[in-house]
Amino acid sequence: MDRDSNVTVAQRAGDREGAVRQPVIVARDLTKVYRIGTQEVHALRGVSVTIEQGELVAIMGSSGSGKTTLMNVLGCLDQPTSGEYYLDGAEVSRLTDDQLSAIRNRRIGFVFQTFNLLARTTALEQVELPLIYAGAVNRRQKALEALAWVGLADRVRHRPTELSGGQQQRVAIARALVTRPSLILADEPTGNLDSRSSEEIMAIFERLNAEQGITVVFVTHEPDIAAHTRRIIHIRDGSILSDAPNANSRPAHPAVSTDTGR
Amino acid sequence: MTVFESVRVALRALLANKLRAILTVLGIIIGVGAVIALISVGQGAQREITQNIQALGTNLLFIEPGARQQAGVRQQAGSFPTLTYEDALAIADEGDLPIVGVAPELGAYGQIIVNRLNWDTRITGTTPSYALVRNFQVADGQFLDQHALDARSRVIVLGPTVASNLFPDQDPVGQTVKISVHGRIGENFKVIGVTVPKGATGFGSEDDQVFIPLTTMQQRVYSQLTTRGLRNVEDINVKVASPTQMAQATAGIGQVLRQRHHVSQDDFTITSEDDILRFFSQVTSVFTLVLGAIAGISLVVGGIGIMNIMLVSVTERTREIGIRRAVGARRQDILVQFLVEAVVVSLVGGMIGVLLGVGIARVLSSVPVDGQYLQTVVSVNSVILAFGVSASIGLFFGFYPALRASRLHPIDALRYE
C-alpha cells in the first residue's frame with residue numbers, strides 16, 4: 001500500500017497522457033451458465049470487453065439482461081463458465097477461492113445499491129475492514145484519509161443508523177477506495193438515494209476517477225447514471241448489444257461534492 | 001486478521017445481542033459449575049476415606065474369623081467366632097515374623113453411667129499393645145497395662161468424646177463409672193486414663209469408645225465361645241514392621257493359625273490396610289466418575305445450545321459474511337471468526353462456571369448435614385479439565401456453524417435478505 005499509493009496516482013495521470021498503458025479489464029468470450037434443476041440458464045453468452053485504466057464506464061441493461069452476472073464475474077465474486085478474464089494483465093478466471101479473495105481485497109472496490117455496511121459498526125471501522133484483511137499497517141490513518149476524501153471527516157464515529165443514505169453510501173465509497181484498487185464496481189449506487197444525494201455520490205465517483213485515476217464501472221439501468229460516464233455498454237440477453245463512447249457526458253454538479261449531506 | 005482482532009469482533013458480535021449471549025453462556029456456566037462441584041464432592045469423599053483409613057495406623061493387618069464352610073455353605077467372613085486371645089499370643093510369640101505389635105480386640109455396645117449421666121458407646125476389650133498398633137495416645141493418666149490384663153482388673157480408659165460427655169467439669173481419671181451391657185447393670189470400673197482425640201473418621205468416631213482389659217471383657221462383660229469352647233476375640237490387629245513385609249507377615253500368620261486351628265480350610269481372613277484403601281478408592285473413583293459424567297451431560301447440553309445459537313447467528317449475519325467476503329475475507333477468515341466467537345462464549349462460560357463450581361463446593365463443605373461436614377476438594381486438575389472441556393466444546397459445537405458460514409458463496413450471501 002504505502003510503497004505504491006503515491007506512485008499509482010502519478011502513473012495513472014501519466015497513463016492518461018498516452019504513455020504505456022495496460023487495460024484494467026480484458027474479457028474474452030465470457031460465458032456463464034447456471035443450472036437450476038434440469039434447466040440451464042445462459043446468463044452470459046460470450047461477452048468480450050476491454051476497459052482501459054482511468055475509464056468511466058456504464059454497463060446498462062434491464063433486469064435479467066445479465067449485467068449483474070457480468071459485474072460478479074468482473075468483480076471476481078464469481079467465475080465464468082468459459083472464456084478468459086485478465087485483470088491488470090493477470091488471468092483471474094481460474095484462480096482459487098483464496099486467490100480471488102486476495103484480488104477482491106487489493107484490486108477491486110465494491111459499491112452496492114443497498115450500501116452493505118456492517119450493522120453497529122462505526123464509519124471508521126467499516127473503512128478499516130478491507131485493510132484488516134489485507135494485513136495493512138497504519139489502518140486508522142488510511143481509513144481517516146479515505147473518509148476525509150469523501151467529506152465525512154466529522155462522521156468517523158457514526159454508525160450506519162446515525163447516517164443519512166447519502167452519507168452511508170459515501171462510507172461505502174471510502175471503504176472501496178481505501179485499498180487504492182485499480183477498479184471500482186458500482187452496482188446501482190444511487191438506486192436507494194434521493195436525487196440530491198444521487199448527484200453528490202456521482203460527483204464523488206467522478207472526482208475519484210479524475211483525481212485518483214481509478215477506473216470506475218457502473219452497473220445500472222438508469223440513463224441518468226449512465227449520462228455521467230464517458231462510455232456506455234448496453235447488454236441484453238447475456239450479450240453486448242452496443243458499446244460506444246458517450247458523446248454527451250454530463251458531469252455532476254461540482255458544487256455539492258464536498259457537502260456533508262446534512 | 002489477527003487473533004486479537006478476531007476476539008474483538010467476536011466480543012462485539014456477542015455484545016450486540018446481550019440476552020442471547022448471556023443465555024448461551026449460562027448453559028456452559030451450569031455445565032462447568034456442575035462438573036467442578038460434583039467432582040469436588042467425589043474427590044472430597046475419596047480424600048476423607050483415605051485419611052480415615054490411614055488414621056487407623058500404618059502397616060496394619062486385620063485378622064478376622066470367617067469364610068467358614070458350614071454344611072457346604074460358605075459363611076460370611078466374621079460371622080462365626082474362631083479367633084482367641086491365645087491365637088494372638090501365639091502370633092506375638094512367633095519369633096520369625098516381621099511384626100512389632102499384636103492386639104486382639106473384642107467389642108460390644110453398652111452404656112457407661114456416672115451418677116445421673118450416661119453415654120452409649122463401644123466398649124473395646126483389648127491388650128496394652130493396642131495403643132501402639134492402632135496409634136492411640138494417652139492425654140491424661142495411662143493406658144491399660146499388663147498387670148491390669150493379668151489381674152482382670154476393672155479399670156477403664158475413656159475416649160475423649162466419652163470423657164467430655166460424662167465428666168463435663170472434672171478430671172475423669174480416678175473416678176468410677178458403671179458399665180451396662182444388654183440392659184444388665186454391671187460393675188464399677190475405675191478410670192485410669194483418657195486418650196488423645198484422633199478426629200472423626202468415616203467408620204464412626206474412634207474417639208467415641210472406651211477401653212478395658214480383654215480378659216475383663218471376656219469374663220465380666222461379654223463374650224462368645226468358639227467351636228472349641230474358648231472365649232473368642234472379634235479380631236486381631238497386627239502391626240507389621242515395614243510396608244514391604246506385609247506379604248511375608250500375612251503368610252507367616254496364616255501358617256501359625258492354620259497349625260493352631262487344625263483346619264484344612266482357613267477359618268480366618270487376613271486383610272491389609274492397603275486392601276481396604278484400594279477397595280474404597282475404587283468405589284470412590286467410580287462414584288466421582290459417575291458424578292462427573294452426570295454433570296458432563298449438562299455440559300454437552302450447553303454445547304448444543306452454543307451450536308444452536310451459532311447457527312442462528314450465521315443465518316442472521318449472512319449479509320455481513322457476504323460483505324466481508326466482498327472486501328477480501330477468505331473462507332478461512334470467516335471460519336476463524338465464527339469459531340473464535342463460539343470459543344469465547346464457552347471460555348467465558350467456563351471461567352464463570354469454575355467460579356460457580358468452587359463456590360458451590362465451598363457452600364457444600366460449610367453446611368453441616370446430620371452434624372457432619374461434607375469434605376470437598378477442588379483440584380487444579382478438575383479446573384483445568386473443565387476449562388479444557390469447555391474450550392473443546394466451543395470448538396466442537398462451533399465448528400459446524402462456522403464451516404457453514406465459511407462455505408457461503410459471496411454472491412448468495414450479499415443478496416441474502
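This tour proceeds through a predicted model, with a selection to make at each stop.

**Stop 1: chain A as a whole**

Select chain A and display it as a cartoon. Its secondary structure comes to eight helices and ten strands. Of the 262 residues in this chain, 46% are buried. Among contacts in chain A between residues at least 6 apart in sequence, 71% join residues at least 24 apart.

**Stop 2: an open sheet in chain A**

Next, select strands β2, β1, β4 and β5 of chain A. These four strands form an open sheet in the order β2-β1-β4-β5, and their pairing is antiparallel. Which strands lie at the edges? They are β2 (39-51) and β5 (90-91) of chain A, each of which pairs on one side only.

Now restrict the selection to residues 25-36 and 82-87 of chain A, which are strands β1 and β4. Five bridges connect this antiparallel pair. To see one position in detail, show A:I25, which stands opposite A:L87 in β4(A). As a general point, the strands of a sheet pair through backbone hydrogen bonds, either parallel or antiparallel.

**Stop 3: the largest nonpolar core**

Select A:I59, A:L147, A:A174, A:I184, A:L185, A:V217 and B:I36 together. Among the 125 residues of the largest nonpolar core, these touch the most other members. Which element gives the most residues to this core? Helix α2 (residues 18-55) of chain B does, with 16 residues.

Then centre the view on A:A174. Leaving aside residues up to four places away in sequence, A:A174 touches A:V127, A:A146, A:L147, A:W149, A:V150 and A:L152. Another core, of 50 residues, lies apart from the largest one. To find this second core, select some of its members, including B:V102, B:V155, B:F211 and B:I253.

**Stop 4: paired strands in chain B**

Move to chain B and select residues 99-114 and 176-181, which are strands β4 and β8. They pair in the antiparallel sense over three bridges. Within this pair, B:I113 stands opposite B:K178 in β8(B).

Add residues 184-195 of chain B, which form strand β9. Strands β8(B) and β9(B) run antiparallel and are joined by five bridges. One position to display is B:T176, whose bridge partner in β9(B) is B:K190.

Finally, look at the turn. How many residues separate β8(B) and β9(B) in their hairpin? Two residues lie between them, and B:H182 in the turn has a positive phi of about 55°.

Conventions:
Residues are numbered from 1 along each chain as its sequence is written. Chains are lettered from A and ligands numbered from 1 in the order in which they are written. This is a predicted model: local features need pLDDT of at least 70, side-chain atom pairs count only at pLDDT 80 or more; totals for chains, interfaces and linings use all residues. A nonpolar core is a set of buried Ala, Val, Leu, Ile, Met, Phe, Trp, Tyr and Cys residues joined through C-beta atoms within 7 Å. A residue is buried if 20 or more other C-beta atoms lie within 10 Å of its own, exposed if 12 or fewer, and partly exposed in between; C-beta atoms are placed from the backbone. Two residues are in contact if their C-beta atoms, placed from the backbone, lie within 7 Å. Two strands pair if DSSP finds at least two bridges between them.
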